[in-house]
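The following note is offered to a colleague who is meeting this structure for the first time. The points are numbered so that each may be checked in turn.

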Amino acid sequence: MRQEIAEKVAGSLTAETTELLPYLPYLLQDFWELGSDPLAMIEMVKKHAELPEDATVLDLACGKGVVAIKIAQALGVKVKGADLIPEFIKFSQQKADEYAVGNLCDFIVADINEVVSDGTSYDLVIMGAAGDALGDPAETLRKLKGATKAGGYILLDECYLAEGSSQADVKYDNYEYLTEKQWQELFKATGLKPIETLIASELECSENLEGESAMKLITARAQELSKKYPDKKDLFEGYVQSQQDEYDDLDSNIEGVIWMLQRVD
């Protein structure tokens with residue numbers, strides 16, 4: 001894995017250093033959902049998207065496959081999921097079989113930058129909570145559009161600066177957040193039409209994604225690793241702090257959002 005790509009993968013999972021990558025599957029073993037709300041996304045697709053019977057879906061930085069699997073199950077469509085962490089892909093494959101959609105889901109270990117540039121176009125492209133894995137916001141939107149069929153849809157799980165906040169207020173400062181207005185300007189410039197906006201703070205958290213309960217689970221796993229690898233205790237404690245900083249930011253400095261966009265040119 002190239003260093004630049006490894007850094008983006010780590011950053012998308014709130015890891016300050018690539019040294020944490022081998023330990024992320026252990027630290028996150030208690031979670032299936034790693035960011036995006038699959039049920040909210042499914043409802044957005046059902047409400048707005050006119051997908052053909054043979055529709056194809058691409059889930060970028062799919063994590064453990066929860067969004068891909070639940071969309072395949074709910075809509076009966078074929079979904080391709082790509083992520084760079086092999087343990088996540090193996091877990092996704094097992095879960096797809098468990099949910100009886102193994103025939104609809106294709107999970108691969110791959111750099112999502114290569115996946116979006118392989119010439120294949122999809123009816124729906126999903127990118128959930130993956131930060132700058134595809135580049136800055138403008139580059140991310142161009143790449144997502146390039147992988148989407150004309151008239152197709154994009155589900156983008158992102159964040160923007162909360163009203164009254166600035167980048168200087170952000171605690172977990174590994175990403176340059178835009179304002180909501182700046183995102184809207186980029187959508188227009190890229191030829192993407194916003195269809196619906198869901199604000200994360202207005203959604204009911206599913207599974208164990210509430211900040212307090214999630215932090216207890218992550219802290220416990222970090223403590224277990226610290227006992228096993230005492231020389232890396234600072235590394236694991238730093239990860240816990242990064243996670244807490246991100247939850248604090250979501251409470252005050254940044255607003256989580258799911259946009260449904262349509263390619264209009």
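1. In this note, contact means that heavy atoms lie within 4.5 Å. The model discussed here is a predicted one.

2. Helix α7 spans residues 137–146, and its buried residues are Pro137, Thr140, Leu141, Leu144 and Lys145. These residues are on the same side of α7, because they cover an arc of only 130 degrees around the axis. As a general matter, an α-helix has 3.6 residues a turn, so residues three or four places apart point the same way.

3. What covers this buried side of the helix? The elements covering the buried residues of α7 include the strands β1 (56–60), β4, β5, β6 (192–199) and β7 (254–263), together with the helix α8 (180–190).

4. The start of α7 deserves a separate remark. There, a side-chain oxygen of Asp136 comes to within 3.2 Å of the backbone nitrogen of Ala138.

5. Internal space should also be considered. Rolling a probe the size of a water molecule over the atoms shows where empty space is left. The model has 2 cavities of 30 Å³ or more, and the second largest cavity holds about 40 Å³ of space.

6. Which residues line the second largest cavity? Its lining consists of Met127, Gly128, Ala129, Ala130, Gly131, Thr140, Leu156, Asp157 and Glu158. Two elements, β4 (122–128) and β5 (148–161), give two or more residues to this lining. The most comes from β5, with 3 residues. Thr140 links this point to the second one, since Thr140 is listed in the lining and is also among the buried residues of α7.

7. By class, the lining of the second largest cavity comprises 4 nonpolar, 3 polar and 2 charged residues.

8. A further site concerns helix α5 (residues 86–98), in which Ser92 lies. Is Ser92 buried or exposed? Ser92 has a relative accessible area of 0%, and it is therefore buried, the limit for that class being under 20%. Leaving aside neighbours within four places in sequence, Ser92 is in contact with Gly63, Lys64, Gly65, Ile69 and Phe107.

9. Gln93 also lies in helix α5. Gln93 counts as partly exposed because its relative accessibility is 37%, and that class lies between 20% and 50%. Gln93 and Phe107 are 14 residues apart in sequence, while their C-alpha atoms are 6.5 Å apart in space. Phe107 is thus named twice in this region, being also one of the contacts of Ser92.

Note on methods
Residues numbered from 1 in each chain as written. Predicted model: local features only at pLDDT ≥ 70, side-chain atom pairs only at ≥ 80, totals over all residues. Heavy atoms only, no water. 1 Å grid on protein atoms, 1.4 Å probe; cavity = no way out; pocket = protein on both sides within 12 Å on 5 of 7 lines; lining within 4 Å. Points joined across faces, edges and corners; volume = space filled by probe spheres on them. Helix = DSSP H or I, 4+ residues; strand = E, 2+ residues; numbered from the N terminus. Nonpolar A, V, L, I, M, F, W, Y, C, P; charged D, E, K, R; others polar. Buried < 20%, exposed > 50% of the residue type's maximum accessible area, 1.4 Å probe, protein only. Arc of directions from axis to C-beta. Polar contact = N/O pair within 3.5 Å; in protein donor to acceptor, adjacent residues only side chain to side chain.
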